[in-house]
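Let's take a friendly walk through a protein model together. Have the sequence and the 3D view open as you read.

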Amino acid sequence: MKHYEVEILDAKTREKLCFLDKVEPQATIAEIKTLFTKTQGKSLKDEDVLQKLPVGTTATLFFRDLGAQISWVTVFLTEYAGPLFIYLLFYFRVPFIYGHKYDFTSSRHTVVHLACLCHSFHYVKRLLETLFVHRFSHGTMPLRNIFKNCTYYWGFAAWMAYYINHPLYTPPTYGSQQVKLALTIFVICQLGNFSIHMALRDLRPAGSKTRKIPYPTKNPFTWLFLLVSCPNYTYEVGSWIGFAIMTQCVPVALFSLVGFTQMTIWAKGKHRSYLREFRDYPPLRMPIIPFLL
């Protein structure tokens with residue numbers, strides 16, 4: 001059978017990266033990518049020990065330029081501080097938003113003020129967690145991510161704040177009962193989210209990148225670990241569902257849906273990583289929704 005020879009070049013520099021011989025004629029591009037990856041070796045972690053790597057007395061390492069980088073802390077602080085500030089601009093109805101007639105006026109609906117408190121609490125909590133709770137396994141991320149993330153968080157914050165704080169905003173259909181139910185959901189999920197973040201923090205000693213299987217603690221909010229791999233995402237989605245019910249605002253519902261979609265992708269990735277790394281990983285757990293997803 002005739003085999004093909006495939007030469008792979010860098011798209012920018014045209015530099016030869018590798019040469020694959022005896023490639024099957026029926027090979028797909030995905031299979032060629034896999035062959036290419038194998039020739040390039042595996043990515044190394046900062047904590048990898050040279051003696052434990054599959055190399056002899058002479059090791060060849062390849063450097064990959066990841067482009068401009070920025071710290072995770074900087075990205076998180078920027079993307080979380082923005083929504084906090086932007087929402088308050090609409091809440092206080094600063095000039096040029098709703099017209100001169102409504103400059104610095106206040107809504108007569110209690111739910112509007114409650115929504116502002118919940119939204120502000122959520123992002124203040126995120127900022128404090130970034131500074132004092134989270135321990136990042138990677139120090140940096142691509143610089144372009146800060147523009148993408150800020151567009152998402154800041155844009156949605158402005159969109160939902162515009163309608164919730166609008167002078168013509170109308171309260172939820174079922175009044176105070178709907179607001180109380182939604183507030184209960186929001187508070188429970190915020191406490192749950194914080195509890196999971198603390199449990200994950202305690203799982204990794206300061207300055208370490210050690211990965212362990214997260215298990216429930218004495219804190220009841222962490223018992224969700226029995227059913228899902230990423231209960232922090234479960235609680236996060238629950239918080240925004242509560243906020244959507246409270247405000248009965250379409251932009252909030254859309255933000256919740258988009259957030260749920262993205263967090264499901266992250267949760268599935270982490271779940272697969274746990275399964276690969278730990279043979280004794282609890283089989284009952286799902287990525288984000290118990291028994292379903």
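## A pair within one helix

E129 and K125 both belong to helix α3, where they sit four residues apart, about one turn of the helix. Keep in mind as you look at them that this is a predicted model. The two side chains form a salt bridge, and their closest N and O atoms are 3.1 Å apart. Are these two residues buried or exposed? Both E129 and K125 are buried.

## The other charged pairs

Side chains of opposite charge can pair when their charged atoms come close. The model has four salt bridges by the rule applied here. Three of them, including the one you have just met, are set out in this table.

| Salt bridge | N to O distance |
|---|---|
| E129 and K125 | 3.1 Å |
| D202 and R201 | 3.9 Å |
| R211 and E277 | 2.6 Å |

Now turn to the pair R211 and E277, whose side chains meet at 2.6 Å. R211 lies in the loop between α5 and α6 while E277 is in helix α7, so this salt bridge ties together parts that are 66 residues apart in sequence. R211 is partly exposed, with a relative accessible area of 32%. E277 is partly exposed as well, at 37%.

The pair D202 and R201 also forms a salt bridge. D202 is exposed, because its relative accessible area of 57% is over the 50% cut-off. Its partner R201 is partly exposed, with a value of 25%.

## Following helix α2

Next, find α2, which covers residues 72-91. How far apart are its end C-alpha atoms? They are 29 Å apart; at 1.5 Å a residue, the 20 residues of α2 should span 28 Å, so the two values agree.

Many side chains are worth clicking on here. The buried residues of α2 are V75, F76, E79, Y80, G82, P83, L84, I86, Y87, F90 and Y91. What covers them includes the helices α3, α4 and α6, along with the strands β3 (69-71) and β4 (140-142). After α2 comes R93, which has a positive phi, near 50°.

## The nonpolar core

The largest nonpolar core has 36 residues, and those touching the most other members are Y87, M160, I164, F243 and V252. At least two residues of this core come from each of α2, α3 (110-132), α4 (144-164), α5 (175-203), α6 (231-247) and α7 (250-277). Which helix gives the most? That is α2, with eight residues. Both domain 1 (69-171) and domain 2 (174-292) supply at least three residues each to this core.

V252 is a good place to zoom in. Setting aside its neighbours within four places in sequence, V252 is in contact with M160, I164, W240, F243, A244 and T247. There is also a second, separate core of seven residues, with C189, L224, F225 and V228 among them.

## What the record adds

An unreviewed UniProt entry places the feature "transmembrane region" at residues 70-92, 151-169 and 241-266. In the model, residues 70-92 are 87% helix and 9% strand, with end C-alpha atoms 33 Å apart. Residues 151-169 are 74% helix and 0% strand, and the end C-alpha atoms of that span lie 25 Å apart.

Terms used. Residues numbered from 1 in each chain as written. Predicted model: local features only at pLDDT ≥ 70, side-chain atom pairs only at ≥ 80, totals over all residues. Heavy atoms only, no water. UniProt positions renumbered as here; feature names shortened; annotations may be inferred. Core = buried A, V, L, I, M, F, W, Y, C linked by side-chain atoms within 4.5 Å. Buried < 20%, exposed > 50% of the residue type's maximum accessible area, 1.4 Å probe, protein only. Domains from an automatic or database assignment. Contact = heavy atoms within 4.5 Å. Expected span 1.5 Å × (residues − 1).
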